[in-house]
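Please look first at the sequence and the model shown below, and keep both at hand while reading. The paragraphs that follow move from the confidence of the prediction to strands, core and rings.

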Amino acid sequence: MTVSRLARPLAGRVARWRSAPALHPHGVLCTGTLTVAGRTDARWDVPWLDRPGTYPATVRWSRALGLPRRLPDGLGLAVRVEDADGPGNTLDLLFTSSRSGRLGRHLPLLRPDALKGPYSTLLSYRMGDRDRVLAAFPASDADATSGDTLPTLWQELARRPVRFDLRAAAPDEPWTTFASLSLEAAHTAPATSTVSYDPYAHSLPGLRPTGRLRRLRDAAYAGSRHGRTTA
């Protein structure tokens, strides 16, 4: 409770100072496509994931702390799936640069290159009858251009679509792919008009983030929004 109370004014001060969100202040906005293959071997017990489908997606790729590009930073991959599980239904998924191991998937990892490792939701999702972490793995980084995070994205998208495999795993399970994400075009995302992603408000039946740390996140984002409007 005390941490949540402190998060709102602190985020507000940072946002006023930056005239931008306190976290992930600058980024690249991408259009893309998310494809759900559906499961033939078993069911996720999530209606949206148990049937095949293709959906438009809006993805924001950003640096969490807004550090200079030459420095490692926490990298964010915010995914909005339009018309998920029916017209007008929106799904937001927030991924952060991490490792893939049982412990590392829960911890943010600072790194300079956007395509050199996975991103995870850090906290678990209630997925059917299990709590599972979701993650986005670059489908192939063998030919990725070396360099800083945002130039890598621009350079790769100029050559080809950038693809991710979206996977899920409980602590006693291997990673299993449930969808693929293809980023096809990008443009700058001005801090003053950034898309606001909210995985709690935009979830689906059978696929919801657990409540851990929700109060802290809500307080930080509310403070950030207030700081931007009063800057």
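**Confidence, strands and rings**

Over residues 3-20 the pLDDT, which is the predictor's confidence in each residue on a scale from 0 to 100, stays under 50, and for this stretch the model has 36 contacts (heavy atoms within 4.5 Å) beyond four places in sequence. Residues 142-151 also have a pLDDT below 50, with 29 contacts in the model beyond near neighbours in sequence. Where pLDDT is low, the predicted coordinates should not be read in detail. For the protein, the average pLDDT is 78, and 69% of the residues score at least 70.

This is a predicted model, in which local features need pLDDT of at least 70 and side-chain atom pairs count only at pLDDT 80 or more, while totals for chains, interfaces and linings use all residues. Residues are numbered from 1 along each chain as its sequence is written, and side-chain values use heavy atoms, with hydrogens and water left out.

A place to begin is strand E4 (residues 91-97), where strands (E, at least two residues) and helices (H or I, at least four) are DSSP runs numbered from the N terminus. Six of the seven residues of E4 are buried, a word that here stands for under 20% relative accessible area, with exposed over 50% and partly exposed in between (1.4 Å probe, protein chains only). Strands pair if DSSP finds at least two bridges between them, and E4 runs antiparallel to strand E3 (residues 73-81), to which six bridges join it; in this pairing glycine 76 has threonine 96 of E4 as its bridge partner. E4 is also joined by two bridges to strand E6 (residues 119-120), again antiparallel, and there serine 97 stands opposite tyrosine 119.

Tyrosine 119 leads on to the aromatic residues, since Trp61, Tyr119 and Phe164 form one aromatic cluster. Arginine 111 lies over the face of tyrosine 119, at 5.0 Å from the ring centre, where a charge sits over a ring if NZ of Lys or CZ of Arg is within 6 Å of the ring centre and within 35 degrees of the ring normal. Phenylalanine 164 touches, among residues beyond four places away in sequence, Trp61, Leu77, Leu115 and Phe137, to name part of its list. Together with Trp48 and Trp61, Phe164 touches the most other members of the largest nonpolar core, which has 39 residues; such a core is a set of buried Ala, Val, Leu, Ile, Met, Phe, Trp, Tyr and Cys residues joined through side-chain atoms within 4.5 Å.

How many aromatic pairs are there? Rings of Phe, Tyr and Trp (its six-membered ring) pair if their centres lie within 6.5 Å, and planes under 30 degrees apart count as stacked, over 60 as edge-to-face and the rest as tilted; by this rule the count comes to six. One of them is the edge-to-face pair of tryptophan 44 and phenylalanine 178, at 6.4 Å centre to centre and 85 degrees between the planes. Tryptophan 44 lies in the loop between strand E1 (27-36) and strand E2 (53-63), whereas phenylalanine 178, 134 residues apart from it, belongs to strand E10 (residues 176-189), and both are buried. The pair of tryptophan 48 and tyrosine 55 is tilted, because the ring centres are 5.5 Å apart and the planes stand at 55 degrees. Tryptophan 48 counts as buried at 1% relative accessibility, and tyrosine 55 is buried with a relative accessible area of 11%.
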